[in-house]
Amino acid sequence: MKLIILDHYSQASEWAAKYIRNRIIQFNPGPDKYFTLGLPTGSTPIGCYKKLIEYCKNGDLSFKYVKTFNMDEYVGLPRDHPESYHSFMWNHFFKHIDIRPENTHILDGNAADLQAECDAFEEKIRAAGGIELFVGGIGPDGHIAFNEPGSSLVSRTRVKTLAMDTILANARFFDGDLTKVPTMALTVGVGTLMDAREVMILITGAHKAFALYKAIEEGVSHMWTVSAFQQHPRTVFVCDEDATLELKVKTVKYFKGLMLVHNKLVDPLYSIKEKETEKNQPSEKPYGD
Amino acid sequence: MEPLSSSPGCPGPRALSGAVSNKVLGCDWTPVWTACVGSGWGRGGVGGRGGHGILAGPGRAGHVGGRSRGPAAHVMRLSQLRVTWVRPSSAVRSRRGAGSGLGLLGSGRRPLGRARWLTMRGGQDGARAPVLQFTNCRILRGQALLREDLWVREGRVLDPEKLFFEERRVADERRDCGGCILAPGFIDVQINGGFGVDFSQATEDVGSGVALVAQRILSHGVTSFCPTLVTSPPEVYHKVLPQIPVKSGGPHGAGVLGVHLEGPFISREKRGAHPEAHLRSFETNAFHDVLATYGPLDNVRIVTLAPELGRSHEVIQALTARGICVSLGHSVANLQAAEEAVQSGATFITHLFNAMLPFHHRDPGIVGLLTSDRLPPGRHIFYGMIADGTHTNPAALRIAHRAHPQGLVLVTDAVPALGLGNGRHTLGQQEVEVDGLTAYVAGTKTLSGSIAPMDVCVRHFLQATGCSVELALEAASLHPAQLLGLEKRKGTLDFGADADFVMLDDSLHVRATYISGELVWQAEAARQ
């Protein structure tokens, strides 16, 4: 895994956005070759989305040939409810970029047959050629997507009942009223995520620190489902200082020492619209070396 | 219709509809109907020779024929069709290569998402209408100015999220608003004429006068209005009212919501500029007197009367029962009489402070309705204010605004002299004299209506009260719509409302006016 440690949330968001941007540009998507991107929801990726929108508006990045697959969606919440993940993705991302609606895929929590909906989603991912890069977050209980503690590490997209921890964490989006929070959700499975060719996890904030520790410094455990990615060939964890509070000093120093190398991954490439060489122009670095 | 037949190997839609559905096959399986050699397309609609219009509705999954954009159903014999099930992923599409598949899937850019071919869609016309997206603007929505785009289709405000997720469509046309504010079109519920036109004058062609005013007020940002008639003899009402029907707005001008009848059932002492000779009462026959005076009330939207007149309660109730908004004005009523009138159904006060008893701390009069606690529960009073800098002292404007901001309705009470220069002009049965921004009854110091356009009123109101831009704009749009019970369609930019709006710069000058999503007026500078 690559553990990327930045000072603040904004820098972590920017790094992650640049990484996604670079991956898409390097992939060079076209009408025959779509870049499949997995996307998360929640408060953590908001900064990253803002940056991606900025790059899109600058013309440096286009989502025209990008297909997106979201990780999860609540069951039973109307699609136009302000807290549904459809609304989240529309308001925070889709409405600001040039993605085509038919290239976005979000699980439908109001489908008549939920399991069939999940199977169809898996099928769509397969049909799209698998996920190139799956971006995700982590819960305070170490879950990835809604794969709560105890979820099988080879699970596929399915219906999950939410743990109390998650319901409490989400209550803030429902006016603090626990009765209003949905109790079930459709989610991609750990196995589905492991199938992605690359996984990037965004972890910011001190409340996620313990989960990060369990995910990377302890063993693989279905109680901390993010730990499954220890067995994935290409994983990137992007976090801020606060999220590293539970890690060993040794771990943090080791990965901070690698930042020189890792920062090359986010050096500006030729933007999609410009093809001229601008290599000699010094790229702006949000953080000193 | 002949029963559906199917070619060998092709199950035919009826057989499929029960057994095979999206759920079993997965959402993206869609049938592609390819025509067998020798069969021709019959564009004949449902019931064509032996055919069954299963593919009514253009563009959707399974529709054969690239240019099927119109609503006409393409009819084919099912026996001539072969169905191939495909999944419309790009990889699959590219591998299909030349031949029936690729071309018949259309340009390849149309979404072939959830197959809806099993349902006959007759009403696809609405979905085909172009979607307009106004970008780089701030829209007034939910009492706030939001940095959002305004989406319009078929003259109504559209929900883009629904468009994105359900119809899987993007905008057909984008218009950059240059950072302007988009506010709901202004609604003027009290305007006596303008540009030389006097609504109270019984001519043979009242319609063209109304049309002229309707067209000219577009430049003030007004998209709907209530032509107002002042106190006049019955002959005038009988002649004029039928000539002012309710009418939708458009490039020809602002929409007519109905007529506002100000008088003749008003107080003698507070008649203001209204001619004394034509004042009337309804003591004798209550509502019948009203009908005798006005004639048929079909085109009437608002009636201003004085509640202290005898039998006013019966009249108010009868008018309210007909959906006509009753307004209190030109009256010497005390607070109690005014409250009782509201309890009978009155909902508006005509130009607050003007033509009524002044506020007194032991009897606030009609003005006291703003803070009265004896109004029917769940209802509040609306009150018109002429914010032209003359009719109301800014301090009084502020008092009213602070006492009851949600009920304030900006009106122009404009006279025919609006838009004309200084000099003498006609208003009702009297002559008025215009001097700068004020109009007087000729030879007196009595104010005779205002000549400040609506956008001037909005700006003055904003500056005088120091209120938020949102409230100032709502006072000219949302509140009058609420008064008339039209707040779902007018006075708002919520989804589903009529796309009547004004484009304003930061100082609230009108740059462009739109009705039903169509540009109906544009400022000179913007035209370049």
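How far apart do the axes of helix 10 and helix 11 of chain B come, and at what angle do they cross? The legends below describe a predicted model, and the first view takes up this helix pair.

**View 1. Helix 10 packs on helix 11 in chain B.** The axes of helix 10 (residues 312-321) and helix 11 (residues 335-344) of chain B come within 9 Å. They cross at roughly 35°. The crossing is right-handed. Helix 10 of chain B brings His313(B), Ile316(B), Gln317(B) and Thr320(B) to the contact. Helix 11 of chain B meets them with Glu340(B), Ala341(B) and Ser344(B). Sorted by class, this contact holds two nonpolar, four polar and one charged residues.

**View 2. Helix 3 of chain A packs against helix 6 of chain B.** This view joins the two chains: helix 3 covers residues 85-92 of chain A, and helix 6 covers residues 160-167 of chain B. The angle between the helices is about 115°. Their axes lie 11 Å apart. Here too the crossing is right-handed. From helix 3 of chain A come His86(A), Ser87(A) and Trp90(A). From helix 6 of chain B come Pro160(B), Glu161(B), Phe164(B) and Phe165(B). The contact residues split into four nonpolar, two polar and one charged.

**View 3. Strand 9 of chain B pairs with strand 4 and with strand 25 of chain B.** Strand 4 (residues 138-141) and strand 9 (residues 181-184) of chain B run parallel and are joined by two bridges. Within this pairing, Arg138(B) stands opposite Ile181(B). Ile139(B) has Leu182(B) as its bridge partner. Strand 25 (residues 501-504) of chain B runs antiparallel to strand 9 of chain B, with four bridges between them. Ile181(B) also stands opposite Leu504(B) of strand 25.

**View 4. Strand 4 and strand 5 of chain B form a hairpin.** Strand 5 spans residues 144-146 of chain B and runs antiparallel to strand 4 of chain B. Three bridges join the two strands. Arg141(B) is the bridge partner of Ala144(B). Two residues separate the strands. In the turn, Gly142(B) has a positive phi of about 60°.

**View 5. A salt bridge links Asp506(B) to Arg138(B).** The closest N and O atoms of this pair are 2.5 Å apart. Why does this pair tie together parts distant in sequence? Asp506(B) sits in the loop between strand 25 and strand 26 (510-515) of chain B, while Arg138(B) belongs to strand 4 of chain B, so the salt bridge ties together parts that are 368 residues apart in sequence. Side chains of opposite charge can pair when their charged atoms come close. Over all chains, the count comes to 31 salt bridges.

**View 6. Seven strands of chain A form an open sheet.** The strand order is 1-10-9-6-2-3-5, and the pairing is parallel. Strand 1 (2-6) and strand 5 (104-105) of chain A are the edge strands, each pairing on one side only. At one edge, strand 3 (residues 66-70) and strand 5 of chain A pair over two bridges, in the parallel sense. Thr68(A) stands opposite Thr104(A) there. Helix 4 (residues 114-127) of chain A lies across strand 3 and strand 5 of chain A. This helix runs at about 155° to strand 3 of chain A.

**View 7. Two loops of chain B carry backbone features of note: a cis peptide bond and a positive phi.** The peptide bond from Gly263(B) to Pro264(B) is cis, with omega near 5°. Pro264(B) lies in the loop between strand 15 (259-262) and helix 9 (287-294) of chain B. Asp413(B), a residue other than glycine, has a positive phi near 50°. Asp413(B) is found in the loop between strand 20 (408-410) and strand 21 (423-427) of chain B.

**View 8. Confidence along chain A, with two stretches where pLDDT is below 50.** Chain A has a mean pLDDT of 90, and 93% of its residues reach 70 or more. Over residues 275-282 of chain A, pLDDT is below 50. Beyond near neighbours in sequence, that stretch has four contacts in the model. Residues 285-289 of chain A also have pLDDT below 50, with eleven contacts beyond near neighbours in sequence. Where pLDDT is low, the predicted coordinates should not be read in detail.

Definitions and conventions
Residues are numbered from 1 along each chain as its sequence is written. Chains are lettered from A and ligands numbered from 1 in the order in which they are written. This is a predicted model: local features need pLDDT of at least 70, side-chain atom pairs count only at pLDDT 80 or more; totals for chains, interfaces and linings use all residues. Side-chain values use heavy atoms; hydrogens and water are left out. Two strands pair if DSSP finds at least two bridges between them. pLDDT is the predictor's confidence in each residue, from 0 to 100. Contact means heavy atoms within 4.5 Å. Axes are lines fitted to C-alpha atoms, for helices over the stretch in contact, and angles run from 0 to 180 degrees between N-to-C directions. A crossing is left-handed if the near helix is turned anticlockwise from the far one by less than a right angle, and right-handed if clockwise. Ala, Val, Leu, Ile, Met, Phe, Trp, Tyr, Cys and Pro count as nonpolar, Asp, Glu, Lys and Arg as charged, and the others, Gly among them, as polar. A salt bridge is a side-chain nitrogen of Lys or Arg within 4 Å of a carboxyl oxygen of Asp or Glu.
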